[in-house]
Amino acid sequence: MAFSGNFMCTSFKQELLEGVHNFKNSGGNTFNLALYTNSASFTAATTAYTTSNEITNTSGSAYSAKGVSLTRVDPTTSSTTAFTDFADASFSSASFTARGGLIFNDSASGDPTVVVLDFGADKTASNGTFTIVFPTADASNAIIRIA
Amino acid sequence: MIHTNALGLSNDFSVQVLTTKDRGFTPEEIAERAADKIVSVSDNATPEVRAQAEAFRQKIVRLVTFYIHEGIKNDRTTVCNAIVDAGQPQLAELIRRL
């Protein structure tokens, strides 16, 4: 089993219509980014955060279960597309390897997933910094956009 | 005539992962990331517009690099003073000289 691409989770699309998720900077939900080894197998059918195949530290304690809480950026629009963004996320003094991640709603019941992120290859930080850079927040590239 | 508007969430997205070994990112590396967030140019832009955007981006990189260095220097002053207050002046001096 392995990562096989980036996916917008199908359950997330339904939950958007049900009002489960709030991405506003002020008063929005807490969204986390958890990291996984390449033994994880996530697809659009992935529905919730799991500890299975979540990474562990090679040394130190930079990473802990459920990963890092993301800083929300207020949703906005450009032409007819609505989109939202997160600030880049970093783990400092990090020693671990990750192949991909899950963004999930830590505020909502059951930790429902938002997107599956495939890093394309194992990424390793060793006594250094592990940074996830989110795409440009515009109508063509933003991490979550509705056209 | 009936007009319909499809609503779609795109699967076409990706993140970039940057890592370091035995160090943190330098101010210059962080400034490059900041500039990428501030300045972007359309794929359809003319060469003249693209060149102007790149020149502006380089100015942003230099400016942000300078102020990151300023932030580091000032934070180091605050940290060193706290260490001196804790009774470790030699350690504070070592950190000041980094």
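This is a short chat about how chain A and chain B meet in a predicted model and how strand 7 of chain A is paired.

Reader: To start with the contact between the chains, how many residues does each of them bring to it?
Author: In this predicted model, chain A takes part with 27 residues, and chain B takes part with 20 residues.

Reader: And on the side of chain B that touches chain A, which element gives the most?
Author: That would be strand 1 of chain B, residues 16–19, which gives 4 residues to that side.

Reader: What about the chemistry there, I mean how do the residues on that side of chain B divide?
Author: The side of chain B that touches chain A has 9 polar residues and 7 nonpolar ones, and a further 4 are charged.

Reader: Back to strand 1 of chain B, which strand of chain A is joined to it, and in which sense do they run, parallel or antiparallel?
Author: Strand 7 of chain A, residues 113–133, is joined to strand 1 of chain B by 4 bridges, and the two run antiparallel. Within this pairing, I132(A) stands opposite V17(B), while V133(A) has Q16(B) opposite.

Reader: Changing topic slightly, which strands inside chain A pair with strand 7?
Author: Strand 6 of chain A, residues 89–105, pairs with strand 7 of chain A over 12 bridges in the antiparallel sense, and strand 1 of chain A, residues 7–8, is also joined to strand 7, by 2 bridges and again antiparallel.

Reader: Which residue of strand 7 does L102(A) stand opposite, and which one does M8(A) stand opposite?
Author: L102(A) stands opposite V116(A), whereas M8(A) stands opposite V115(A), and both of these partners are in strand 7 of chain A.

Definitions and conventions
Residues numbered from 1 in each chain as written. Chains lettered and ligands numbered in written order. Predicted model: local features only at pLDDT ≥ 70, side-chain atom pairs only at ≥ 80, totals over all residues. Contact = placed C-beta atoms within 7 Å. Nonpolar A, V, L, I, M, F, W, Y, C, P; charged D, E, K, R; others polar. Pairing = 2+ DSSP bridges.
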